[in-house]
Amino acid sequence: MGQGSPGTLKDRDSTMSKNKLQRYEEVRLLENVFEYTDFQNPGKTTPKGEWREKVFRNPRPILLELACGKGDYALNLAKKFPDQNFVGVDIKGARLWKGATRAKEQGIDNLRFLRIFIDHLDQYFAAGEVDEIWITFPDPYPKSKREKKRLTSPRFLELYRKVLKNGGDIHLKTDSDSLFHYSLSTVKEEKGEILDRVDDIYRDRPGDELLSIKTYYEKKHLEAGKTIKYLRFRLAQD
């Protein structure tokens, strides 16, 4: 390696950090992003209960993509279903910046992004305000001591129950065998209903219009030879 290489790598890392910080600043100014990361400020108002009336300004269904990253799934769903409203939810501002700017550039007006911690979801949506939830390639948190962080753990399922309408579907796409089987067992233990199960999407449902949407991370998983799995389920009614 030449003498200039370390400096070049250092410069590249510095540029990446600057770009990330710049995106954190810019995402706050994007009109299609709602950012709420200070939960200690009691004076902040949220769109809770007002997403249809004041945010989207229509009575259409609301679908969430949780842990949306760059919003690939939400973007594609919003384009396929212009008669529905979509909200991509994540805490990573630089990633949301990517999805939000793409949505603006493509003129997608039925998509918004919400920068929050997902375990505060019920602070931003009223009971029954959400029609469906998509969970796309979340961190599987394979260590048992971090089970509560899994987005299909009992505490998160209870959270979804608070905001979903009765009979609202939850969709999970994952490359993780452990998360897939954990989710199956957890839904059953919580008296939920498994509506659809696909153990290998690209073997069993290669032409499925919804399931064949590929996110940035899904493409990487496929390149690594991983199998993509899918669940659709409903929670037990109160």
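# A tour from β2 outward

Select Leu-66 in this predicted model; its bridge partner is Ile-135, in β5. The two strands, β2 and β5, run parallel and are joined by four bridges.

**The whole chain.** Before going further, zoom out. The secondary structure consists of eight helices and eight strands. The chain has 238 residues, of which 44% are buried. Among contacts with a separation of 6 or more, 74% are between residues 24 or more positions apart.

**The sheet.** Show the strands alone. Eight of them make an open sheet with mixed pairing, and the order across it is β1-β4-β3-β2-β5-β6-β8-β7. Go to the edges, where β1 and β7 (193–198) stand. Each has a single partner strand, so one side of each has no neighbour in the sheet. On average, neighbouring strands are turned by 20 degrees against each other, with direction ignored. As background, strands of a sheet pair through backbone hydrogen bonds, and the pairing is either parallel or antiparallel.

**Strand β2.** Select residues 62–66. Five of the five residues of β2 are buried. Ile-62, Leu-64 and Leu-66 point one way, while Leu-63 and Glu-65 point the other way. Glu-65 is buried along with the others. β2 also runs parallel to β3, with five bridges between them. To find one of the paired positions, select Ile-62 and Asn-85, its bridge partner in β3. Now add helix α3, residues 72–80. Together β2, α3 and β3 form a β-α-β unit that is right-handed.

**Strand β4.** Move on to residues 85–90, which are β3, and add β4; the pairing is parallel and has five bridges. Asp-90 has Arg-115, in β4, as its bridge partner. Helix α4, residues 93–105, carries the chain across from β3 to β4, and this β-α-β crossover is right-handed too. β1, residues 33–35, is also parallel to β4 and is joined to it by three bridges. There, Phe-34 has Leu-114 of β4 as its bridge partner.

Which residues of β4 lie on each side of the strand? Leu-111, Phe-113 and Arg-115 are on one side, and Arg-112 and Leu-114 are on the other. Both faces are covered, and the two arginines, Arg-112 and Arg-115, are buried like the rest. Over residues 111–115, that makes five of five buried.

**Asn-110.** Step back to Asn-110, in the loop between α4 and β4. Is Asn-110 buried or exposed? Its relative accessibility is 5%, and buried means under 20%, so Asn-110 counts as buried. Turn on its side chain and look at the polar atoms. The backbone oxygen of Ala-78 lies 3.1 Å from a polar atom of the Asn-110 side chain. For the backbone oxygen of Phe-81, the distance to a polar atom of that side chain is 3.2 Å. With residues up to four places away in sequence left out, Asn-110 touches Phe-56, Ala-78, Phe-81, Pro-82, Gln-84, Asn-85 and Phe-86. Asn-85 is also the bridge partner of Ile-62.

**β6, β8 and helix α5.** Cross to the other part of the sheet and select β6 (residues 164–174) and β8 (residues 229–234). These strands run antiparallel and are joined by five bridges. Leu-172 stands opposite Leu-231 of β8. Next, show helix α5, residues 154–163. α5 lies across β2, β5 (130–136), β6 and β8, and runs at about 140 degrees to β6.

**The cores.** In general, nonpolar side chains of soluble globular proteins tend to be buried together. Which members of the largest nonpolar core touch the most other members? They are Leu-114, Phe-125 and Tyr-160, out of 34 residues. At least two residues of this core come from each of α2 (51–56), β2, β3, β5, α5, β6, α6 (177–189) and β8. α5 gives the largest share, five residues.

Centre the view on Tyr-160. Apart from neighbours within four places in sequence, Tyr-160 is in contact with Leu-66, Leu-121, Ile-133, Ile-135, Leu-151, Ile-170 and Leu-235. The list includes Leu-66 and Ile-135, the bridge partners that opened the tour. Another core, of 25 residues, lies apart from this one; select Val-33, Leu-77, Leu-111 and Ile-201, which are among its members. Leu-111 was met earlier, on the same side of β4 as Phe-113 and Arg-115.

Terms used
Residues are numbered from 1 along each chain as its sequence is written. This is a predicted model: local features need pLDDT of at least 70, side-chain atom pairs count only at pLDDT 80 or more; totals for chains, interfaces and linings use all residues. Side-chain values use heavy atoms; hydrogens and water are left out. Buried means under 20% relative accessible area, exposed over 50%, partly exposed in between (1.4 Å probe, protein chains only). Two strands pair if DSSP finds at least two bridges between them. A crossover is right-handed if, with the strands pointing away from the viewer, the path from the first strand over the helix to the second runs clockwise. A polar contact is a pair of N or O atoms within 3.5 Å; within protein, one must be able to donate a hydrogen and the other to accept it, and residues adjacent in sequence count only if both atoms are side-chain atoms. Contact means heavy atoms within 4.5 Å. Axes are lines fitted to C-alpha atoms, for helices over the stretch in contact, and angles run from 0 to 180 degrees between N-to-C directions. A nonpolar core is a set of buried Ala, Val, Leu, Ile, Met, Phe, Trp, Tyr and Cys residues joined through side-chain atoms within 4.5 Å.
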